[in-house]
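Me: Got a protein–RNA model open here and I'd like to talk it through. Can you take a look with me?

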Amino acid sequence: MIRQQVAEWVARAAHAARESGALAFESLPEFDIETPRNPQFGDYAANLAMALARQARRNPREVAEAIRQHMPDEASAWVERVEVAGAGFLNFYLKPDWAGAVARHILQRGREYGNLTLGAGKRVLIEFVSANPTGPLTLGHGRNAAVGDTLARIYEAAGYTVEREFYINDGENSTQIRNFALSVLTRYRQLLGEPAEMPEDAYHGEYVKEIAQRIRDQFGDSFATGDPETVLKRFEQIAKQQMLDEQARDLADFGVRFDRWFSEQSLYDAGAVSATLDALRARGYAYEHEGALWLKSTAFGDEKDRVLVRANGMPTYLAADVAYHRDKYARGYDRMIDLWGADHHGYVARMKAAMAALGYDPDRLHILIYQLVNLFRGAEPVRMSKRAGEFITLREVIDEIGVDALRFFYLLRSHDSTLDIDIELAQEQSEKNPVYYVQYAHARICSIARTAAERGVETPDPDATDLSVLTHPAEHALVKKLADLPDEIALAVRHDAPHRLTAYALEVARAFHGFYTECRVLGAEPALQAARLLLTQATRLTLARTLHLLGVSAPERMERADES
RNA sequence: GCCCCCGUAGCUCAAUGGACAGAGCAGCGGCCUUCUAAGCCGUUGGUUGUGGGUUCGAAUCCCGCCGGGGGCGCCA
């Protein structure tokens, strides 16, 4: 919030300098308002002069000095002084009472604090998870869900209108759905005592047996006879639906809800796939070769052309996916985000090529690739799941370490980094565990409020309390962190980087713990106590808001389980 | 062979192209009669894999090389 204000003053000063003839430039280049690492360089610093030096044909320090001398008068309300330093930085030193002004601003905005108008109501579609309905959600899907959902929350906070969508790969004629149904059917027959053998490429997890068992419980042996093709079709539907329901339950328990579950099959039913193929043909980017229909993706930078319809007449996954994304474009979003695992990165080029082939701007589609997740128990890698066989399910990890810890750990690293999660660490109720560090700060604030109430201390009125008494360095450090929330949200959106918010949460918690140790709230002299109580409330609002964006709870109390 | 991600302190990782590269953990030394010690303070620890380039300024951008992970199907 302060940052934007400072940026505006600097820009106005530069223009004023040009009008007075002190500076010459065509147009203002982009510049940043930074927080210097070293406090001796002030509270905020602008790098405009260096960026402008070439255009202005002057050395950066002279440019900075020209800007400094044209700083608008109203800046002096908050700014004590501006200095030119280093290579040409403009360093801003704030007046001591800015801290009170920031705290009051946060209290006034309350739960709205951090909300931006950056998005201006632009519509964003975030498609994520989109797991195949042939098995439970995995550890990797969990990362997808956590990143996608938090990204959605951040975009919402930034003022975008967001839709969350899950694409269901439920094409009835697809190989995977057939194999899955065949696997369930085989298990079902085995339950009935028939000597059925699992097909090639079968799904071997225990969950397949569970589904077969449930079908048997519900329908008895009524599928033992009958037309095999009809039975198989029925199994496709039942098994797929059961898997989907389970995935939806897992996601709901993980705090993730979708606005729309988009069925691949619905595209076939509506004729959207064949319409898309027609469109590609009409535009000259689909052609027949060796009995198959190909997408001429090389025309748009892909390394080779891709099959849309196989020689046997069956459309590939790609055909439906192109139709799906065509549908997204037709819905008119300003931005579309897909969240894909690293194992799908090879599909980015062909999808973008397909969109270009259809005449759409491929840059409106942002495909975010996240790297793999490894699970450890201490130093030991965990690879297998009892229930699912070759992969670890999201449900198992939620059961072991809880939603809060898991979501936090998923968002601790950039999506560009492979992620190692240590179950033992995530379960540990100790200083090693960053989740508790943040939540503990929130619980401590609540504890202060409780104790204040017990002692009959009245809740101060933010508008009637003098906050200029907040002058301790620890108070200033805390307020400055709190003031960063809007900027952090803006940066997280700009870089599609939800993990910034976990880092921010940790920084706010650190600043608060420091304040807590240095500055006594209850028992301070009355005016200071009132101001500090309000500062803790502003901190609580900021922390709660940040945790909410991460999908992590903000507990009002935390009791450490006694280790005997 | 081609494509994507990563390489930063002993370990796990931060760092919108900015000033002296920061945290946590581990190590060492301190701090609880007062709002929760799941906390705080101090301290040790670095040629940002490597060689070039762009820039006023590079961990960050570009090129080469080395190392680790992932992907290259008429599967999804």
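Me: Let's begin at the backbone of the RNA. How far is a phosphate oxygen of RNA strand B from an N or O atom in the side chain of His499?
Reply: That separation is 3.4 Å, between a side-chain N or O atom of His499 and a phosphate oxygen of RNA strand B. Keep in mind that this is a predicted model.

Me: OK. Which elements give two or more residues to the surface near RNA strand B?
Reply: There are several: strand S1 (33-34), helix H2 (48-56), strand S4 (89-94), helix H6 (175-191), strand S9 (292-295), helix H16 (434-454) and helix H19 (499-518).

Me: And which one gives the largest share?
Reply: H16 does, with 8 residues.

Me: What about the bases, which side chains reach a base nitrogen or a base oxygen?
Reply: Asn47 has a polar side-chain atom 3.1 Å from a base nitrogen of RNA strand B. For His345, a side-chain N or O atom sits 2.9 Å from a base oxygen.

Me: Zooming out, how many residues surround RNA strand B, and which are the closest?
Reply: 67 residues surround it, and the closest are Glu34, Tyr347, Asp416, Tyr440 and Ser447. Looking from the RNA side, 63% of the strand B atoms that come within 4 Å of the protein belong to sugar and phosphate.

Me: How does that surface divide into nonpolar, polar and charged?
Reply: The surface near RNA strand B has 25 nonpolar, 21 polar and 21 charged residues.

Me: Back to H16. At what angle does it pack with helix H20?
Reply: H16 and H20 (residues 526-550) pack at about 145 degrees, and their axes are 10 Å apart. The crossing is left-handed.

Me: Which residues meet there?
Reply: On the H16 side you have Val438, Ala441, His442, Ile445, Cys446, Ile448, Ala449 and Ala452. They meet Leu533, Thr536, Gln537, Thr539, Arg540, Leu543, Ala544 and Leu547 in H20. By type, the residues of this contact are 11 nonpolar, 4 polar and 1 charged.

Me: Switching to sheets. What's the strand order in the one with 5 strands?
Reply: The order is S7-S6-S5-S11-S12, in an open sheet with parallel pairing. Its edge strands are S7 (260-263) and S12 (365-370), each pairing on one side only. On average, neighbouring strands are turned by 25 degrees against each other, direction ignored.

Me: How many bridges join S6 to S7?
Reply: 4 bridges, with S6 (residues 161-168) and S7 running parallel. As one example, Glu165 has Arg260 in S7 as its bridge partner.

Me: Which strands does helix H5 lie across?
Reply: H5 (residues 139-157) lies across S5 (123-127), S6, S11 (335-341) and S12, and it runs at about 160 degrees to S6. Helix H12 (residues 348-357) packs on the sheet too, touching S11 and S12, with its direction at about 175 degrees to that of S12.

Me: S9 came up by the RNA. Which sheet is it in?
Reply: S9 belongs to an open sheet of 3 strands in the order S8-S9-S10, with antiparallel pairing. S8 and S10 (306-309) are the edge strands, each pairing on one side only. The twist averages 45 degrees from one strand to the next.

Me: And how do S8 and S9 pair, parallel or antiparallel?
Reply: Antiparallel, with S8 (residues 286-289) and S9 paired over 4 bridges. Among the bridge partners, Glu288 goes with Leu293 in S9, and Ala286 goes with Leu295.

Me: Last one: which residue takes a positive phi in that hairpin?
Reply: That's Glu290, near 50 degrees, in a hairpin with 2 residues between the strands.

Conventions. Residues are numbered from 1 along each chain as its sequence is written. Chains are lettered from A and ligands numbered from 1 in the order in which they are written. This is a predicted model: local features need pLDDT of at least 70, side-chain atom pairs count only at pLDDT 80 or more; totals for chains, interfaces and linings use all residues. Side-chain values use heavy atoms; hydrogens and water are left out. A residue is near a molecule or strand if one of its heavy atoms lies within 4 Å of it. A polar contact is a pair of N or O atoms within 3.5 Å; within protein, one must be able to donate a hydrogen and the other to accept it, and residues adjacent in sequence count only if both atoms are side-chain atoms. Ala, Val, Leu, Ile, Met, Phe, Trp, Tyr, Cys and Pro count as nonpolar, Asp, Glu, Lys and Arg as charged, and the others, Gly among them, as polar. Axes are lines fitted to C-alpha atoms, for helices over the stretch in contact, and angles run from 0 to 180 degrees between N-to-C directions. A crossing is left-handed if the near helix is turned anticlockwise from the far one by less than a right angle, and right-handed if clockwise. Contact means heavy atoms within 4.5 Å. Two strands pair if DSSP finds at least two bridges between them.
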